[in-house]
Amino acid sequence: WREYLAYNLGASHAAGGDWLAATPYFPEITALAPETAEAFALYDKSLTAAGYAYLSGGEFEQSGAAFEQVRLEGPYSNRALLGYGWSAAERGDYLEALSPWQQLAQRSMLDESARESLLAVPYAYGRLGRPGLALQQYRRASDLYQQELDGLDQAVSAFREQPLAPLLGIAEEGSADWLFETDILPEGDHSPYLQHLVTRHGFQVALRELRDLYSMTAHLQRAEQRVQVLEQVDQHQQQVWSSLVEEDRRNQLAAQQQALNAQRLALVQRLQAAIAAQDGRLLAEQTQTQRWNRLDRASALAASIDTTGKHRQKLKMLRGLMLWQDSEHFAERAWLARQNIRALDALAQQSSTALARVDEAIANRQQSTFAPDIAALAERVQTQAAQVALTLAQSETNLRQVAIAELQRHGEQLRRALGQSQLAIAQIHDRALPTGSHAYAGGNHE
């Protein structure tokens, strides 16, 4: 923590106006080679603080050297660009000051340094003896300030009137981790202001609370749906019990068990008959049985109309072929028949067990005890949902107030800057008028 100690000591002296005492602390930090994002941030912050300390202490060369080392892609680049311009201006090099100020003037007006640079650029042109360019840049600054004020007014109206969830890009179903994992800001007309707001600690706290409350609301909504499912399941169970009491289901189970037993008995008899007669036809599959039936019908027909015996000879050969097929598959079909008998035995046993349980349940049936518990759970969920809804409304109001206060604060700063730019425009016009016209011009300005 030594680097933080050095920075805080330097900042403390600077806050007290003792610039000479503040400046030795910052080089302790900047002398170290930063390696992490945290170290780079502290490095840039220390250089920026050192630059302003040197600037306030009148050491303009050292001030410019400190500002030059701040990374342009870092979070302190705006403050450093502004300070570098002022260090050059204090040395009288207004042309050098224009470069960082012009670059800074292209950035977001929500940044204080960018707003100040819009006035610094025409100031530098004025000091360089270019009143025409100065007037042009003051007008540009005035227009940009007014545009930004219009956008701020719209953003304030949006935070005052629009639903917050779509405005902030928060999924109300509670499944989004916006800002905390993806760091993706919602797109829209107000996204630049939102991007600024999320850098404010008060807004971050209010936003996190709001997101948690949305998540709790979604959780309670899912809980309400689950309670409804429980109620439906309990009602269905009551209907099942009623059906069981009336023995509709028991009769169905008993009929199913009888069908299984009949199917098993028929299969056992077929297997025994086939083994006793060594007749593979008795175990034939349905397709093979259908072939046998067609062959029998064809043979009967041929016996009555085939005088030459030609067709009967072909049918005889076909019968022999099918007998040979049944003989070849006899062992396999017998094995499958035994497997099916065992499967039917297992099903019959399961059916007997299920039927016994149904008989036991019918005998010992009692009224369900879940309905009161489900009703109590539903009441508790509704109570919590009402509490969360009240807290959510308060949280939304708080976040709106935090956002509007921050935006209005920027609006006041913009109005002051707008007034300064308009005053500077009026002064340039006054200086451009002939000496005898000043009084009349002053009356016009009033």
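**Exercise 1. The surroundings of Glu 412**

Is Glu 412 buried, partly exposed or exposed, and what is its relative accessibility?

*Solution.* The model under study is a predicted one.
Step 1. The relative accessibility of Glu 412 is 43%.
Step 2. A residue is buried under 20% and exposed over 50%, with partly exposed in between.
Step 3. Glu 412 therefore counts as partly exposed.
Step 4. Its partner in a salt bridge is Arg 415, with N and O 3.8 Å apart. Arg 415 is also partly exposed, with a relative accessible area of 39%.
Step 5. The two residues lie three residues apart in helix 17, and so about one helical turn separates Arg 415 from Glu 412.
Step 6. Asp 153 joins Glu 412 and Arg 415 in one network, built from salt bridges that share partners.

**Exercise 2. Two further salt bridges**

Determine which parts of the chain are linked by the salt bridge of Arg 71, and then examine the pair formed by Arg 409.

*Solution.* Step 1. The structure contains five salt bridges. As a general principle, side chains of opposite charge can pair when their charged atoms come close.
Step 2. Arg 71 pairs with Asp 44, and their closest N and O atoms are 2.6 Å apart.
Step 3. Asp 44 belongs to helix 4 (residues 37–56), whereas Arg 71 lies in the loop between helix 5 (60–68) and helix 6; the pair therefore ties together parts that are 27 residues apart in sequence.
Step 4. Asp 44 is buried, its relative accessible area being 0%, while Arg 71 is partly exposed at 24%.
Step 5. Arg 409 forms a salt bridge with Glu 406, where the closest N and O atoms are 2.8 Å apart. These residues are three residues apart in helix 17, and so they are separated by about one helical turn.
Step 6. Here Arg 409 is partly exposed, with a relative accessible area of 36%, and Glu 406 counts as buried at 13%.

**Exercise 3. A description of helix 8**

Describe the length, the ends, the bend and the burial of helix 8 (residues 112–127).

*Solution.* Step 1. Helix 8 has 16 residues. From first C-alpha to last, helix 8 reaches 23 Å, close to the 22 Å expected at 1.5 Å a residue.
Step 2. At the N-terminal end, Asp 111 acts as a cap, with a side-chain oxygen 2.9 Å from the backbone nitrogen of Ser 113.
Step 3. Just after the helix, Gly 129 has a positive phi of about 80°.
Step 4. Helix 8 has a kink of about 25° at Leu 118, shortly before the proline Pro 122.
Step 5. The buried residues of helix 8 include Ser 113, Arg 115, Leu 118, Pro 122 and Tyr 125.
Step 6. Among the elements covering these buried residues are helix 6 (77–90), helix 7 (94–104), helix 9 (131–161) and helix 17 (370–432).

**Exercise 4. The nonpolar cores**

Which residues touch the most other members of the largest nonpolar core, and which helix gives the largest share?

*Solution.* Step 1. The largest nonpolar core has 71 residues. Tyr 145, Phe 159, Leu 168, Phe 203 and Leu 399 touch the most other members.
Step 2. Helix 17 supplies the largest share of this core, namely 15 residues.
Step 3. Beyond its neighbours within four places in sequence, Phe 159 is in contact with residues including Leu 164, Leu 168, Phe 203, Leu 399, Ala 403 and Leu 407.
Step 4. A second, separate core has 11 residues, among them Ala 14, Ala 22, Leu 42 and Ala 53.

**Exercise 5. Contacts across the sequence**

How many helices and strands does the protein have, and which residues does Glu 3 touch beyond those up to four places away in sequence?

*Solution.* Step 1. The secondary structure comprises 18 helices and zero strands.
Step 2. Of the 446 residues in the protein, 36% are buried.
Step 3. Among contacts with a separation of 6 or more, 66% are between residues 24 or more positions apart.
Step 4. Glu 3 lies in helix 1 (residues 2–15) and counts as partly exposed at 29% relative accessibility.
Step 5. Leaving out residues up to four places away, Glu 3 touches Ile 29, Leu 32 and Leu 42.
Step 6. The C-alpha atoms of Glu 3 and Ala 39 are 9.1 Å apart, although 36 residues separate the two along the chain.

How values were computed. Residues numbered from 1 in each chain as written. Predicted model: local features only at pLDDT ≥ 70, side-chain atom pairs only at ≥ 80, totals over all residues. Heavy atoms only, no water. Expected span 1.5 Å × (residues − 1). Bend = angle between axes of the 7 residues up to and from the residue. Buried < 20%, exposed > 50% of the residue type's maximum accessible area, 1.4 Å probe, protein only. Contact = heavy atoms within 4.5 Å. Polar contact = N/O pair within 3.5 Å; in protein donor to acceptor, adjacent residues only side chain to side chain. Core = buried A, V, L, I, M, F, W, Y, C linked by side-chain atoms within 4.5 Å. Salt bridge = Lys/Arg side-chain N within 4 Å of Asp/Glu carboxyl O.
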